[in-house]
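Grab a coffee and open the viewer. Here is a short set of exercises, each with a worked solution to check yourself against.

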Amino acid sequence: MKTAVVISTRGYAAFRHDLLAEPDGVRIIGVFADRDVENLTPPLRDGLADVHVVPCGLPDPTPMLHSLVDLDATREVVGEILRDVALEDLTLHCWDEQDMMVAAEIRAHFGIRGPKTADILPYRDKCLMKQRLVAAGVRVPKFGRFDSQLRAFDEAAYYARIVGEVGLPFILKPVDAACAEGVHKITDWEEFAALPGDLGRSYEYEEFVEGTIYSVNIVTEDGATVFAGVTEYLVNSFEVPNGKVNADINLIDSDPRVPRMVAFGERALDALGRLDGGSHLELFLTPDDELIFLEVGARFKGLAGLAAMQRNYGVALVNLAFEIESGIKSLPYDGEQIYCFDGVVPKASGVVEELIEPDLESDVEMTWKVRVGERIEKSNSLTANGGTFLVSNKDYDAAYRDFERLAGYRPIRYRTASRVLGIPAAPALEAAAYHRARLASETDPFDVHHDLTEGVQGFVVLDVRQPAAHAEGHVPGARSLPHAGITAEAVAGLDPDTLYVTYGWGPACNGGTRGAARLAELGFRTKEMIGGFEYWKRGGYPIERGA
């Protein structure tokens with residue numbers, strides 16, 4: 001009997017155990033991360049001889065990384081299995097990008113046949129990936145490996161260097177990214193400067209390419225293509241967090257784009273080193289009709305896309321890959337072959353008011369992950385979605401019309417949240433005390449101008465900005481007293497019975513607050529002129545110049 005170890009429910013969720021030609025001749029064992037095992041449905045569980053639950057490979061993973069297994073724990077499980085199974089009778093399978101390197105390292109450790117670390121690395125490290133493709137003459141976006149030390153040394157200079165290499169806008173993404181998680185589109189210096197100081201992972205930068213995204217999905221056996229299909233994306237993954245549905249349709253084989261893109265995909269796979277089993281390559285078709293490589297994974301499409309492909313082409317793709325990798329045969333796909341594509345429901349922040357199914361010509365199978373009345377948070381992860389759906393139709397042209405129609409589809413209507421009423425108001429007496437306290441410590445340009453014009457006595461205006469700023473223009477009669485220089489000695493000559501009104505540059509400057517606080521600490525009565533000199537000028541009040 002043969003033994004097959006499967007890591008992760010992703011990909012395996014589309015496996016058809018009932019299609020195995022000799023189910024009694026194989027024992028399938030699952031190894032799943034503790035946050036991933038909950039995705040194991042009863043039918044999938046029934047097909048497993050045993051299930052091992054191991055810790056996640058990260059202490060606080062994002063939803064995309066919930067399926068990542070701990071390397072040491074998984075290696076220990078496989079070692080235990082090999083105590084009772086001959087090495088030549090065991091195969092290790094993984095169709096989840098997050099676990100590809102773990103599976104490769106375990107194969108290398110025990111000598112299990114299949115891709116090892118060096119084979120998988122070009123499919124995981126996006127810089128190495130593109131370096132090999134450039135050497136083979138495949139068009140890729142201009143790119144470079146992000147250097148956090150150069151950024152820390154001189155951020156502005158490093159930004160200018162990146163822009164000089166790849167232009168604006170540009171993309172920053174982890175070298176091992178999947179989907180849009182952790183990816184940043186940088187359009188200007190402010191966005192670059194606002195990035196976290198520590199990005200937490202190894203990153204690359206690359207040219208932003210305008211164009212429609214497609215995926216080329218290929219199954220390989222002994223270096224040759226045994227299946228190929230092309231899908232067209234409705235939107236770029238960047239647009240999903242902004243509320244747009246992410247759908248991708250399987251193009252009909254007679255579409256002239258298909259053979260051209262398959263040939264492009266095969267050329268890229270050959271450059272990287274073809275691996276037996278499934279692969280998922282993404283590319284751009286630009287407005288100038290140029291094909292540009294985006295990225296590739298040694299795995300099938302994710303989410304509902306794999307199920308849609310199997311129904312669309314009438315091929316049990318995971319069983320096909322399993323057969324190629326293990327030699328364990330499956331019967332042909334026995335379901336109805338029908339044009340089919342999938343979509344993902346994005347999530348915004350708010351309370352779900354209504355779940356809306358699309359109005360299409362085709363049949364739609366919706367799987368909601370949120371419910372009416374639930375408060376949900378916005379997510380840029382395709383995994384942490386609001387639901388998925390499958391669209392099917394025997395008429396390809398009708399299915400394609402529905403695909404285009406989804407561009408205007410918004411699946412979730414959110415309850416309008418009140419920004420005014422969202423936080424309850426304070427009780428009246430507390431509110432009165434708070435506002436009276438503010439009025440006791442603040443004034444504004446209108447009131448100051450009124451009193452100066454009317455000759456009101458009993459207060460002095462202090463400009464707490466630097467002397468140079470005071471000389472360029474100040475409130476008439478204001479004295480220059482920079483807040484940084486307010487000491488007991490500096491204010492020894494001030495009248496302790498006078499009220500001192502301080503001001504700084506404006507609302508974004510707290511110099512006026514600092515000056516008033518320091519004077520109050522020294523025993524003087526103070527008020528701050530809110531709005532500062534900026535709002536004095538906006539009020540059209542007179543300005544005095546000179547020291």
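The exercises below start with the whole chain and then move to single residues.

A word on ground rules: this is a predicted model, where local features need pLDDT of at least 70, side-chain atom pairs count only at pLDDT 80 or more, and totals for chains, interfaces and linings use all residues. Residues are numbered from 1 along each chain as its sequence is written, and side-chain values use heavy atoms, with hydrogens and water left out.

**Exercise 1. Work out whether the protein is spread out or a compact globule.**

Step 1: Take stock of the parts. The protein has 17 helices and 24 strands; these are DSSP runs, numbered from the N terminus, with helices (H or I) of at least four residues and strands (E) of at least two.

Step 2: Check the radius of gyration, taken over C-alpha atoms, against the globule rule, 2.2 Å times the number of residues to the power 0.38. The protein comes out at 32 Å, well over the 24 Å the rule gives for 547 residues, so it is more spread out than a compact globule.

Step 3: Look at the box. Along the principal axes, the C-alpha atoms fill roughly 100 × 50 × 50 Å.

Step 4: Add burial and contacts. Of the 547 residues, 48% count as buried; buried means under 20% relative accessible area, exposed over 50%, and partly exposed in between (1.4 Å probe, protein chains only). Contact means heavy atoms within 4.5 Å, and among contacts with a separation of 6 or more, residues 24 or more positions apart account for 68%.

**Exercise 2. Describe the surroundings of Asn393.**

Step 1: Place Asn393 in strand S18, residues 387-393.

Step 2: Decide on burial. Asn393 has a relative accessible area of 15%, so it is buried.

Step 3: List its partners. Leaving aside neighbours within four places in sequence, Asn393 is in contact with Ile338, Tyr339, Glu361, Ser362, Ala398 and Ala399.

Step 4: Pick out the polar pair. The side chains of Asn393 and Ser362 make a polar contact of 3.0 Å. That term covers a pair of N or O atoms within 3.5 Å; within protein, one must be able to donate a hydrogen and the other to accept it, and residues adjacent in sequence count only if both atoms are side-chain atoms.

**Exercise 3. Find what the side chain of Asn385 pairs with.**

Step 1: Go to the loop between strand S17 (375-376) and S18, where Asn385 sits.

Step 2: Judge exposure. Asn385 is at 4% relative accessibility, so it counts as buried.

Step 3: Trace the side chain. One polar contact goes to the side chain of Lys369, at 3.3 Å. A polar atom of the Asn385 side chain also lies 3.0 Å from the backbone nitrogen of Gly387.

**Exercise 4. Contrast Ser8 and Asp222: which is buried and which is exposed?**

Step 1: Read phi. Ser8 has a positive value near 85 degrees in a residue other than glycine. Asp222 is not a glycine either, and its phi is about 50 degrees.

Step 2: Locate them. Ser8 is in the loop between strand S1 (2-7) and strand S2 (26-33), while Asp222 belongs to the loop between strand S9 (212-221) and strand S10 (224-233).

Step 3: Compare accessibility. Ser8 is buried because its relative accessible area is 0%, whereas Asp222, at 67%, counts as exposed.

**Exercise 5. Locate the cis peptide bond between Leu168 and Pro169.**

Step 1: Find Pro169 in the loop between helix H7 (155-166) and strand S6 (170-174).

Step 2: Read omega for the bond from Leu168 to Pro169; it is near -10 degrees, and the bond is cis.

**Exercise 6. Say which residues of helix H3 are buried and what covers them.**

Step 1: Walk along H3, residues 100-110. Met100, Met101, Val102, Ala103, Ala104, Ile106 and Arg107 are buried.

Step 2: Look for the cover. It includes S1, helix H2 (71-82), strand S4 (90-94) and helix H4 (117-124).

Step 3: Check what follows the helix. Gly111 comes after H3 and has a positive phi, near 80 degrees.

**Exercise 7. Examine Val262.**

Step 1: Find Val262 in helix H9, residues 257-272.

Step 2: With a relative accessible area of 11%, Val262 is buried.

Step 3: Not counting residues up to four places away in sequence, Val262 touches Val216, Ile218, Ala228 and Val230.
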